[in-house]
Amino acid sequence: MEVKHKLSENTGSIMVESALVCLIGLMLLAVCIESACCYLTISMIRNKTDSAVLSVAAANVANIYDGVRESAGNAREISAGDWSEYVATDDVRSALADMLSLTESGENHMDRITSENGTAYIISGLKTSYVNNEGDDLNFMTTLTVTIPLHFLNINLNQNLEVKTTYEARF
């Protein structure tokens, strides 16, 4: 008799509890995945910014030094201008836009747009400056703001980045 009573019971509390535990687990998993995605995106933007500054510096080294870059003669002496003229923010912005397939969305904004989710991230406030020359290394500081929309929480994550790039001349 007791078995028939248990089988005919339809309270279903075990189903509600297990569904609730699964729902909370899935929500935590979504937060973890979103956090990992943000971390990887910011890391990738930092690396690409470093590469963009280095590519602009390497492309303009002939404007700074006379002669063959690797020779031991007059090529070591700076002949015209300084690095702040030739590694300009606009040049770095266009190199970064090419590397990350960004589109200009304003005077100081660049967007990465994906077809499924809209905007993947926004880069704004990009500024590159020549910091100093320590020994034979040239140092540049690039500051920018990355805005990543968090789809799970429906808010934007703003991260200010400072990227220090060192260009080592080959003499």
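# Close-up views of the chain

**View A. Gly125 is partly exposed, with a relative accessible area of 32%.** The model shown here is predicted. Gly125 sits in strand E3, which covers residues 118–134. What distance in space separates the C-alpha atoms of Gly125 and Met110? It is 9.5 Å. Along the sequence, Gly125 and Met110 are 15 residues apart.

**View B. The whole chain holds five helices and five strands.** Starting at the N terminus, the elements follow the order α-α-α-α-α-β-β-β-β-β. The chain has 171 residues, and 27% of them are buried. Its exposed area is about 11000 Å². Carbon and sulfur atoms supply 55% of that area. Consider the contacts with a separation of 6 or more: 49% of them join residues 24 or more positions apart.

**View C. A nonpolar patch lies on the surface.** Its members are Leu20, Leu23, Ile24, Met27, Leu28, Val31, Phe152, Leu153 and Ile155. Together they have about 820 Å² of accessible area. Which helix gives the most to this patch? Helix H2, residues 13–59, does so with six residues. An α-helix has 3.6 residues a turn, so residues three or four places apart point the same way. Ile155, another member of the patch, belongs to strand E5, residues 155–168. Ile155 has a relative accessible area of 45%, so it counts as partly exposed.

**View D. Helix H5 runs from residue 89 to residue 100.** The helix has 12 residues, and at 1.5 Å a residue they should span 16 Å. The C-alpha atoms at its ends are 16 Å apart, so the model agrees with the expected span. Which residues of H5 are buried? They are Thr89, Val92, Arg93, Ala95, Leu96, Ala97 and Leu100. Just after the helix comes Ser101, with a positive phi of about 55°.

**View E. Thr165 of strand E5 is buried.** Its relative accessible area is 0%. This value falls under the 20% cut-off, so Thr165 counts as buried. The side chain of Thr165 makes a polar contact of 2.8 Å with the side chain of Asp50. Leaving out residues up to four places away in sequence, Thr165 touches Asp50, Val53, Leu54, Leu138, Asn139 and Phe140.

**View F. Thr142 of strand E4 is buried.** Strand E4 spans residues 137–150. The relative accessible area of Thr142 is 0%. Which side chain is joined to that of Thr142 by a polar contact of 3.3 Å? It is the side chain of Thr128. Neighbours within four places in sequence aside, Thr142 is in contact with Thr49, Val53, Leu126, Lys127, Thr128, Leu161, Glu162 and Val163.

**View G. Thr145 also lies in strand E4.** Is Thr145 buried or partly exposed? Its relative accessible area is 21%, so Thr145 is partly exposed. Thr145 and Ser124 are 21 residues apart in sequence. In space, their C-alpha atoms are 5.2 Å apart. With neighbours within four places in sequence left aside, the contacts of Thr145 are Ile122, Ile123, Ser124, Gln159 and Asn160. A polar contact of 2.9 Å links the side chains of Thr145 and Asn160.

Conventions:
Residues are numbered from 1 along each chain as its sequence is written. This is a predicted model: local features need pLDDT of at least 70, side-chain atom pairs count only at pLDDT 80 or more; totals for chains, interfaces and linings use all residues. Side-chain values use heavy atoms; hydrogens and water are left out. Patches are made of residues with over 30% relative accessible area and no salt bridge: like charges are joined within 9 Å, nonpolar side chains (Val, Leu, Ile, Met, Phe, Trp, Tyr) within 5 Å. Accessible areas come from the Shrake-Rupley method with a 1.4 Å probe; for residues, only the protein chains shown count as cover. A salt bridge is a side-chain nitrogen of Lys or Arg within 4 Å of a carboxyl oxygen of Asp or Glu. Helices (H or I, at least four residues) and strands (E, at least two) are DSSP runs, numbered from the N terminus. Buried means under 20% relative accessible area, exposed over 50%, partly exposed in between (1.4 Å probe, protein chains only). The expected span of a helix is 1.5 Å times one less than its number of residues. A polar contact is a pair of N or O atoms within 3.5 Å; within protein, one must be able to donate a hydrogen and the other to accept it, and residues adjacent in sequence count only if both atoms are side-chain atoms. Contact means heavy atoms within 4.5 Å.
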